[in-house]
Amino acid sequence: MFTLKRSKSLLCSVTILCAISLLTTGCGGGPEDERPARTAVSGTVTHNGEPVDEAVIAFVPVDQTAGRNANGRTNAEGVFQMGTFEGTDGVVPGEYKVMITKFETSETPEALPEDDPNYDPNPKPQPPPENLLPEKYASADNSGLTVTVEDGNEITDLKFDLQD
């Protein structure tokens, strides 16, 4: 009899604690709820009229205290989607300067073991990758590209046609 009363009391206590925990935690409550609203932004990048594959697009807020950087990457057709916190989650509304780069991809030589006859203990540094787009677009301050993102007004047709 003592064990049955004790079990019911324990069960009742655990149930109450679970209910209190659920009520105080609420739904959501994760970091997503603390993030500012974002608006979907997508478009295309071309260079002299041709789609640019693997270009990196960066939105830099004009007012650094009011906005957040966003970025995206183009696919083979030059199409991109922007993201601020993760993936393609959109852009915080605001005024942005835009920079676009595309660096050549180079194969990194595989490190040789020390006992390999071709091992060089003092390898020559690799040159930095070359930007394949006109240099002015690599700077948000010099590119001349800007975009305004308004709250709730999705942008699906943004076009950046870079010229030499």
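## Asn131 and its polar contacts

The side chain of Asn131 gets to within 3.2 Å of the backbone nitrogen of Lys102. That same side chain also reaches the backbone nitrogen of Leu133, at 3.2 Å. Polar contacts here are pairs of N or O atoms within 3.5 Å; within protein, one must be able to donate a hydrogen and the other to accept it, and residues adjacent in sequence count only if both atoms are side-chain atoms.

This is a predicted model, in which local features need pLDDT of at least 70 and side-chain atom pairs count only at pLDDT 80 or more, while totals for chains, interfaces and linings use all residues. Residues are numbered from 1 along each chain as its sequence is written, and side-chain values use heavy atoms, with hydrogens and water left out.

## Where Asn131 sits

Look for Asn131 in the loop between β6 (94-101) and β7 (146-149); strands are DSSP runs of E, at least two residues, numbered from the N terminus. Asn131 counts as buried because its relative accessibility is 10% (buried means under 20% relative accessible area, with a 1.4 Å probe and protein chains only). Setting aside neighbours within four places in sequence, Asn131 is in contact (heavy atoms within 4.5 Å) with Thr101, Lys102, Phe103 and Ala138.

## The sheet

What order do the four strands of the open sheet take? They run β4-β3-β6-β7, with antiparallel pairing. β4 (70-73) and β7 are at the edges with a single partner strand each, so one side of each has no neighbour in the sheet.

β6 and β7 pair in the antiparallel sense over four bridges; pairing takes at least two bridges found by DSSP. Tyr96 stands opposite Val147 in β7.

Methods: Buried means under 20% relative accessible area, exposed over 50%, partly exposed in between (1.4 Å probe, protein chains only).
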